[in-house]
Amino acid sequence: MKIEWAPLRVPLARRLQTLVTAVLTLTFFTLPLLACLIVAAIMFYGGIIIRTLMLAYFVYIYVDHKRNYSILEGNGWIANRSNRVYRNYRDYFPVELVKTVDLPPNRNYILASFPHGILGTGTCVNMGLDISKWLELFPQIRPKVATLDQHFRTPLLREIVRWWGMVSVSKESLVRLLTKSNDPKHADNRDGFTSNAVAILVGGAQEAMDSHPGKYILTLRNRKGFVKMAIRTGSSIVPTFSFGEVDIFNQVANPPDSLLRRFQSVVKKLTGISPLIPMGRGIFNYSFGFLPQRRRIVQVVGCPIDVIKSDQPDAAYVDKVHGQVMEDLERMFDQYKAKYISNSKNSKLIIQ
């Protein structure tokens, strides 16, 4: 394989973007396992005081997750969700955010986000790591990103993902967030925000396995849980589409009938995580490595779909709303693909 090396003379700003992206990408890929290894090492090598403190920390995690599902109220420490470090990560691709309509801050929202890609980079940057652009476009609405519940039961890992504005995707956690009052005078809204917007990467690990450059394959046809949650809580559903998300990483070929895909499916069923083998670029070359490619990602936020609140969602009504979500995503893709996808004529949206 011929290696394409990066030029020696690169602007300092781009060097810094690459460095930040390398650190963060390595963190994203290794943090769950690394957190477990650190805790195991502390428990094995630590003295009686250290072990006692760690056991107290375990109890705290259990109690806090039982009490409020580890939700960090409000926007958390804003300096950790809008700073120069994460801005460099945004600018590396770059990641953009496009508003199509206003979202009134008098209700709560579920952002049905597609596609998942390898890391869900567009959604996680705009609504987690660097929320400055979101707050500019959607004032008074707190952005949250839902992720696996098990992350919030893992010591050390839970603290970091909470700082990044992430919340558990469990039903209990979502209900707590999406039933919050929208009254400006309510005690929960003393921070000046009156609405919660929770992004759910609906396709999850299954959709990630189908992520390959130029291929927009969504896992949605049988995913209706987010629609039921919206109806139970009276939250509007906002379809969002991140153009370019699938282009920043390739992965080892894993067609549906391959041994690798079967292995990934088994692990996903057991753990909720699909063991992907991403292929990107290196720090000093463009041919191979663990870094994502510099590809523009544009997250387009669509029009809200209002629902009729019901504690017992009717199956026919769920299907109706779910069908509208699919129609809106198809419409968004057709409307914006020529603008945000370089090879738009050969790009098709597949919903399975």
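## Talking through a predicted model

Modeller: The protein chain here has eleven helices and eleven strands. Keep in mind that this is a predicted model.

Colleague: Fine. What makes the protein chain as compact as a globular protein of that length?

Modeller: Set two values side by side. The radius of gyration is 21 Å, and the globule rule gives 20 Å for 352 residues; the two are close, so the chain counts as being as compact as a globular protein of that length. As for its outline, the C-alpha atoms fill a box of roughly 65 × 60 × 45 Å along the principal axes.

Colleague: How much of the chain is buried, and what does the accessible surface come to?

Modeller: Of the 352 residues, 50% count as buried. The accessible surface is about 17500 Å², with 61% of that belonging to carbon and sulfur atoms. On contacts, if you take those with a separation of 6 or more, 78% are between residues 24 or more positions apart.

Colleague: Let's turn to helices α1 and α3. Why are they called roughly perpendicular?

Modeller: Helix α1 (residues 12-45) and helix α3 (residues 84-92) pack at an angle of about 100°, their axes 8 Å apart. Angles from 65 to 115 degrees count as roughly perpendicular, and therefore α1 and α3 get that label. On the α1 side the contact includes Leu16, Val20, Leu24 and Phe28, and on the α3 side Val85, Tyr86, Tyr89 and Tyr92 are among the residues taking part.

Colleague: Which classes of residue make up that contact?

Modeller: Nine nonpolar, five polar and one charged. Asp91 of α3 is one of the residues in the contact, and Asp is among the types that count as charged.

Colleague: Now Ser70 and Tyr69. Where are they found, and how do you know whether each is buried or partly exposed?

Modeller: Tyr69 is in the loop between α2 (48-68) and α3, and Ser70 is found in the loop between α2 and α3 too. Buried means under 20% relative accessible area, and exposed means over 50%. Tyr69 has 23% relative accessibility, so it counts as partly exposed. Ser70 has 1%, so it counts as buried.

Colleague: What is notable about phi in Tyr69 and Ser70?

Modeller: Phi of Tyr69 is near 60°, a positive value in a residue other than glycine. For Ser70, also a residue other than glycine, phi is positive as well, near 65°.

Colleague: What about the peptide bonds: which ones are cis?

Modeller: One is the bond from Phe93 to Pro94, where omega is near -5°. Pro94 sits in the loop between α3 and β1 (95-99). Another cis bond joins Phe114 and Pro115, with omega about -20°. Pro115 belongs to the loop between β2 (109-114) and α4 (121-129).

Colleague: One last residue, Leu220. Why is it called buried?

Modeller: Its relative accessible area is 0%, and the cut-off for buried is under 20%. Leu220 is therefore buried, even though it lies in a loop, the one between β6 (216-218) and α9 (225-233).

Colleague: What is Leu220 in contact with, leaving aside neighbours within four places in sequence?

Modeller: Phe114, Val202, Phe226, His322, Met326, Leu329, Ile351 and Gln352. Phe114 is a residue you've already met, in the cis bond to Pro115. As for Glu207, it is 13 residues from Leu220 in sequence and 8.8 Å away in space, C-alpha to C-alpha.

Methods
Residues are numbered from 1 along each chain as its sequence is written. This is a predicted model: local features need pLDDT of at least 70, side-chain atom pairs count only at pLDDT 80 or more; totals for chains, interfaces and linings use all residues. Side-chain values use heavy atoms; hydrogens and water are left out. Axes are lines fitted to C-alpha atoms, for helices over the stretch in contact, and angles run from 0 to 180 degrees between N-to-C directions. Helices (H or I, at least four residues) and strands (E, at least two) are DSSP runs, numbered from the N terminus. Angles under 35 degrees count as roughly parallel, over 145 as roughly antiparallel, 65 to 115 as roughly perpendicular and the rest as oblique. Contact means heavy atoms within 4.5 Å. The radius of gyration is taken over C-alpha atoms; the globule rule is 2.2 Å times the number of residues to the power 0.38. Buried means under 20% relative accessible area, exposed over 50%, partly exposed in between (1.4 Å probe, protein chains only). Accessible areas come from the Shrake-Rupley method with a 1.4 Å probe; for residues, only the protein chains shown count as cover.
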